[in-house]
Amino acid sequence: MYCFSTASSVHSLLSPQPMGSERMEMRKRQTSVQQEMPGTTQPQQGAGNRGSNACCFCWCCCCSCSCLTVRNEDDERARRMSQEARAEGQPNCEESPKPTLEEVQSWGQSFDKLMKSPAGRNAFREFLRTEYSEENMLFWLACEDLKNEVNDLLVKEKARLIYEDYISILSPKEVSLDSRVREVINRNMLEPTPHTFDDAQLQIYTLMHRDSYPRFMNSAVYKTLLQSLTDTSSEP
């Protein structure tokens, strides 16, 4: 794996970590509600508890009623899929060989060449971190991963996670999208597919191309990498 660390020290000094206070508050509320829900952790003690612990029209003599069991299995399956989907999230950098001088020089020719190179995406992502806009690259990568998913259940789960992480107004990593694209996403989320976020991905790609790419080409991240490879190639 070849990761770029040129701007890491600068970022660690200058870049505050997002608090995500709203999300943390929501999770705390959800945890509190779950802890306070009757009958979720305590077994039934007898007929006197029938009303509060009933999970269907008939009362069952134990808490393993069939409808409760099915519901718990569905919840557990959803939790496992959510954990698996998040575990497959984007690491700090993609695996890639060390770029050559010619490859790094080609990044200056077009944004497409930069984005088609794993090493190029790593360098560009490192630069975006210093501008507090890394979420744009993370969203683009998540959309690419979604488009390659063939499992229908995982498609729905990954789409949900992308929405929560990058589309929701409550997320600290929300990306900038216009109202038209948001309406398209909301319609698509009724029946998620691998292409649910195509319009949004294109809009963010265009934003990075027009806004961040020109500054990246003049950044210390790019110039330092280019100079180091130039010096290495000139050595006898």
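This report walks through the core, two helices, some salt bridges and one loop serine.

## Ground rules

The model is predicted, so local features need pLDDT of at least 70 and side-chain atom pairs count only at pLDDT 80 or more, while totals for chains, interfaces and linings use all residues. Residues are numbered from 1 along each chain as its sequence is written, and side-chain values use heavy atoms, with hydrogens and water left out.

## The nonpolar core

Start with the largest nonpolar core, which has 40 residues. Such a core is a set of buried Ala, Val, Leu, Ile, Met, Phe, Trp, Tyr and Cys residues joined through side-chain atoms within 4.5 Å. Buried here is under 20% relative accessible area, exposed is over 50%, and partly exposed is in between (1.4 Å probe, protein chains only). Phe124, Phe139, Phe197 and Phe216 touch the most other members. Two or more residues each come from α5, α6 (111-116), α7, α8 (134-147), α9, α10, α11 and α12, and α8 gives the largest share, eight residues. Helices are DSSP runs (H or I, at least four residues), numbered from the N terminus.

Take phenylalanine 197: setting aside neighbours within four places in sequence, its contacts (heavy atoms within 4.5 Å) are Phe139, Cys143, Leu146, Ala159, Ile162, Tyr163, Ile167, Ile185 and Met189.

## Helix α7

Helix α7 has 13 residues and spans 19 Å from first C-alpha to last, close to the 18 Å expected; that expected span is 1.5 Å times one less than the number of residues. It's mostly covered, with 11 of its 13 residues buried. Among them are Phe124 and Phe127, but also charged-type names such as Arg121, Arg125, Glu126 and Arg129. Just after α7, tyrosine 132 takes a positive phi of about 60 degrees.

## Helix α12

Residues 220-234 make up α12, which reaches 21 Å over its 15 residues, close to the 21 Å expected. Its buried residues are Val221, Tyr222, Leu225 and Leu229. Looking down the axis, they fall within an arc of 95 degrees, so they line one face of the helix; the arc is taken from the directions from the helix axis to the C-beta atoms. These residues pack against α5 (101-107), α7 (118-130) and α11 (198-217). Ala220 and Ser234 are exposed on the face turned away from the buried side.

## Salt bridges

There are 13 salt bridges in the structure, each a side-chain nitrogen of Lys or Arg within 4 Å of a carboxyl oxygen of Asp or Glu. In one of them, arginine 121 pairs with glutamate 94, with the closest N and O atoms 2.8 Å apart. Arginine 121 is in α7 and glutamate 94 is in the loop between α4 (66-87) and α5, so the pair ties together parts 27 residues apart in sequence. Both residues are buried.

Over in α9, arginine 160 bridges to glutamate 157 (2.4 Å, N to O) and to glutamate 164 at 2.5 Å. Glutamate 157 is three residues from arginine 160 and glutamate 164 is four residues from it. Glutamate 157 counts as buried at 9% relative accessibility, arginine 160 as partly exposed at 31%, and glutamate 164 as partly exposed at 28%. Elsewhere, Arg125, Glu126, Arg129 and Glu134 are joined into one network by salt bridges that share partners.

## Serine 168

Serine 168 sits in the loop between α9 (152-167) and α10 (179-188), and counts as buried at 16% relative accessibility. Its side chain reaches the backbone nitrogen of leucine 170 at 3.1 Å. Not counting residues up to four places away in sequence, serine 168 touches Tyr163 and Glu174.

Terms used
A polar contact is a pair of N or O atoms within 3.5 Å; within protein, one must be able to donate a hydrogen and the other to accept it, and residues adjacent in sequence count only if both atoms are side-chain atoms.
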